[in-house]
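Here's a quick tour of one model, going from its surface to its charged pairs and its rings. Have the viewer open as you read.

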Amino acid sequence: MMDNHWRIRQRVVEQTPKLAKLFGVEMFQSKLEAFYLSSFRDSVHSVREAAIQHLKEIVDTFGSQWTVEHLLPKLVEQYSQSAGYANRLTTLHVLLQVSGVMTPDQCMQFIIPVLIKATKDGVPNVRFAACRNIMWMMENHNLGTVALNTVIKPALMELEQDSDIDVQYYAQRAIAACR
């Protein structure tokens with residue numbers, strides 16, 4: 001994980017889910033988790049992308065309860081602490097991966113607030129990624145009409161007037177998905 005060659009780091013990330021499944025949650029948490037989570041902040045995009053893609057295997061292995069109680073707080077904290085916009089973008093993509101083992105209520109409680117926060121980010125790429133992720137969440141999780149109308153739609157409607165045309169476009173697409 002600490003190798004100078006990014007391809008080695010990428011291969012380690014790709015093999016970590018197999019090790020997690022083989023050795024179990026205790027070994028993963030004590031020996032592999034910190035290194036795996038640090039790969040979300042790697043300087044090389046391919047390493048970050050591999051970590052995002054392979055996280056789904058880990059959460060599928062350890063289940064919903066572990067994901068919500070143990071992993072999700074660490075991921076949300078990474079978003080809050082991240083100074084760089086690439087780290088915030090990575091965290092937004094990571095949240096979609098973990099949502100697969102979560103109920104719609106858990107998604108509304110833990111993931112949607114981070115996505116709504118991201119709609120107010122100072123970087124346009126983060127804002128339009130938030131719109132795209134919200135749209136994905138609406139298409140893949142039954143979030144409920146009350147949540148759509150009271151939380152999600154108002155945040156998206158603000159972005160229809162955004163200074164960035166790409167943000168406006170993705171906000172409009174996400175609003176259309178609300179219908």
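A surface patch here is built from residues with over 30% relative accessible area and no salt bridge, and nonpolar side chains are joined within 5 Å. Keep in mind that this is a predicted model.

**The nonpolar patch**

Which residues make the nonpolar surface patch? Leu19, Leu22, Phe23 and Met27 do, and together they cover about 380 Å². Helix H1, residues 6-23, is the top contributor with three residues. Methionine 27 sits in helix H2, which runs over residues 25-38. Methionine 27 counts as partly exposed because its relative accessibility is 34%, and partly exposed is the band between under 20% (buried) and over 50% (exposed).

**A bent helix**

Next up is H5, residues 104-118. This helix has 15 residues and spans 19 Å from first C-alpha to last, close to the 21 Å expected at 1.5 Å a residue. Where does H5 bend? The bend is at isoleucine 111, by about 40°, and proline 113 follows within four residues. Isoleucine 111 is also one of the buried residues of H5, a list that includes Gln106, Cys107, Met108, Ile112 and Val114. Leu115, Ile116 and Ala118 are buried in H5 as well.

**Salt bridges**

Side chains of opposite charge can pair when their charged atoms come close. How many salt bridges does the count come to? The count is seven, and the table picks out three of them.

| Salt bridge | Closest N to O |
|---|---|
| Arginine 11 and glutamate 14 | 2.6 Å |
| Arginine 88 and aspartate 121 | 2.7 Å |
| Aspartate 162 and arginine 127 | 2.8 Å |

Take the pair of arginine 11 and glutamate 14 to begin with. These two are three residues apart in helix H1, so about one helical turn separates them. An α-helix has 3.6 residues a turn, so residues three or four places apart point the same way. Is each partner buried or partly exposed? Arginine 11 is partly exposed, at 48% relative accessibility, while glutamate 14 counts as buried at 14%.

Now for arginine 88 and aspartate 121, which form a salt bridge too. This pair links distant parts of the chain, 33 residues apart: arginine 88 is in helix H4 (residues 85-98), and aspartate 121 is in the loop between H5 and helix H6 (124-140). Arginine 88 counts as buried because its relative accessibility is 11%, and aspartate 121 is buried at 11% as well.

Aspartate 162 and arginine 127 make a salt bridge as well. They also connect distant parts of the chain, being 35 residues apart, with aspartate 162 in the loop between helix H7 (145-159) and helix H8 (165-178) and arginine 127 in helix H6. Both of these residues are buried.

**Aromatic rings**

There are seven aromatic pairs in the structure. One of them is tyrosine 36 with phenylalanine 40, an edge-to-face pair at 5.7 Å centre to centre with 90° between the planes. Tyrosine 36 and phenylalanine 40 are buried. Phenylalanine 128 and tyrosine 170 are stacked instead, at 5.2 Å centre to centre and 20° between the planes. Phenylalanine 128 belongs to helix H6 and tyrosine 170 to helix H8, so this pair ties together parts 42 residues apart in sequence. Both phenylalanine 128 and tyrosine 170 are buried.

Finally, which residues form one aromatic cluster? Tyr36 and Phe40 turn up again here, joined by Phe28, Phe62 and Trp66.

Notes:
Residues numbered from 1 in each chain as written. Predicted model: local features only at pLDDT ≥ 70, side-chain atom pairs only at ≥ 80, totals over all residues. Heavy atoms only, no water. Patch = residues over 30% accessible without salt bridge, like charges linked within 9 Å, V, L, I, M, F, W, Y side chains within 5 Å. Areas by Shrake-Rupley, 256 points an atom, 1.4 Å probe, with all protein chains shown as cover. Salt bridge = Lys/Arg side-chain N within 4 Å of Asp/Glu carboxyl O. Buried < 20%, exposed > 50% of the residue type's maximum accessible area, 1.4 Å probe, protein only. Expected span 1.5 Å × (residues − 1). Bend = angle between axes of the 7 residues up to and from the residue. Phe/Tyr/Trp six-rings, centres within 6.5 Å; stacked < 30°, edge-to-face > 60°.
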